[in-house]
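Visitor: Can you walk me through this one? I'd like the sheets and the ligand site.

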Amino acid sequence: MAEKSHFVSPAGRLFIVSAPSGAGKTTLCRMLMERLPALRYSISTTTRSPREGEVDGVDYFFTDVETFKAGIQANQWAEWAQVHGNYYGTSAVFIDAERAAGRDVLLDIDVQGTVQLCAKYPDAITIFIMPPSSEVLRQRLEQRGADSPDIIDKRMVNARREMAQCGTYRHTVINDCLETAAETLVSIVRGYRES
Ligand code: 5GP
């Protein structure tokens, strides 16, 4: 009798991208998704208010603190953290389903969340986006015009703390020239997908 053959699909990879705010991470993640459309983007849930142009279910799932905390009790989050006074979390069901289906997932999360996910998924591929310097980062935050000076100060304190941890990431991409940084990011991800 012929032996039954079992096809075991390899688990999808987790690509985690972190950066201080203003380093260009959102734009770079968008460019990465456009160039490698088979990647699945993990849409986080957050308690912060939507910014202009942000769409619920596309950029984030927007929720309230009570619902978010109920999710903590129900183990709904693969990781969660408080960033700039708001809660952010990654859906455990989404990550597990995508991995089980062999699909690669892109996550845009902070350093605290990365530590939690790497403990759960030690094979996660971590990429840190660095601004060319702290001065350039401050200039970018000021030019963006989205935050008041005291919020920018807060973001800079957080940014310095995050940048000090870039050595714990497997890859670092310096976002000096956007196109070069996008190409570097694509080639890092492609390198794992083709190996
Ligand atoms: P923003 O509010 O500017 O979109 O994001 C603020 C920070 O929260 C960014 O560093 C972003 O990467 C991080 N973030 C977004 N989603 C998540 C998440 O699900 N978990 C964690 N830990 N951080 C997140």
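Guide: We can take the ligand, then the sheets and a few local details.

Visitor: What ground rules apply?

Guide: This is a predicted model: local features need pLDDT of at least 70, side-chain atom pairs count only at pLDDT 80 or more, and totals for chains, interfaces and linings use all residues. Residues are numbered from 1 along each chain as its sequence is written, and side-chain values use heavy atoms, with hydrogens and water left out.

Visitor: OK, where does the ligand sit?

Guide: In the largest pocket. A pocket, on a 1 Å grid over the protein atoms alone, is an open set of points where a 1.4 Å probe fits, with protein on both sides within 12 Å along at least five of seven lines. "Sits in" requires more than half of the molecule's atoms within 2 Å of the grid points.

Visitor: Which residues come nearest to the ligand?

Guide: Lys25, Ser44, Arg48, Tyr60 and Tyr88, out of 15 around the ligand. To count as near, a residue needs a heavy atom within 4 Å.

Visitor: How does that shell divide by residue class?

Guide: Five are nonpolar, four polar and six charged. Here Ala, Val, Leu, Ile, Met, Phe, Trp, Tyr, Cys and Pro count as nonpolar, Asp, Glu, Lys and Arg as charged, and the others, Gly among them, as polar.

Visitor: And polar contacts?

Guide: Those are pairs of N or O atoms within 3.5 Å; within protein, one must be able to donate a hydrogen and the other to accept it, and residues adjacent in sequence count only if both atoms are side-chain atoms. A polar side-chain atom of Tyr88 is 2.4 Å from a ligand oxygen. For Arg48, the distance from a side-chain N or O atom to a ligand oxygen is 2.6 Å. For Asp108 it is 2.7 Å. The ligand alone exposes 520 Å², and the protein buries 92% of that. Areas come from the Shrake-Rupley method with a 1.4 Å probe.

Visitor: Which strands each supply at least two residues of the shell?

Guide: S5 and S6 (86-91). Strands are DSSP runs of E, at least two residues, and helices are runs of H or I, at least four, numbered from the N terminus.

Visitor: What's the strand order in their sheet?

Guide: S4-S3-S6-S5, an open sheet with mixed pairing. S4 (61-62) and S5 (77-83) are at the edges with a single partner each, so one side of each has no neighbour in the sheet. Pairing takes at least two DSSP bridges.

Visitor: Break down the pairs.

Guide: S3 (residues 45-46) and S4 run parallel, joined by two bridges. Thr45 is opposite Phe61 in S4. S3 and S6 are antiparallel, over two bridges, with Thr46 opposite Tyr88. S5 and S6 are antiparallel too, over six bridges. There, Ala81 has Tyr88 as its bridge partner.

Visitor: What phi does His84 take in that hairpin?

Guide: Positive, near 50°; the hairpin has two residues between S5 and S6.

Visitor: And the other sheet?

Guide: Five strands, open, parallel, in the order S2-S7-S1-S8-S9. S2 (40-41) and S9 (171-174) are the edge strands. Four bridges join S1 (residues 14-18) to S7 (residues 105-108). Phe15 has Leu106 as its bridge partner in S7.

Visitor: Last one: what happens around H2?

Guide: At the start of H2 (residues 65-73), a side-chain oxygen of Asp64 comes within 3.2 Å of the backbone nitrogen of Glu66. Asn75 follows H2, with a positive phi near 55°.

Methods:
1 Å grid on protein atoms, 1.4 Å probe; cavity = no way out; pocket = protein on both sides within 12 Å on 5 of 7 lines; lining within 4 Å.
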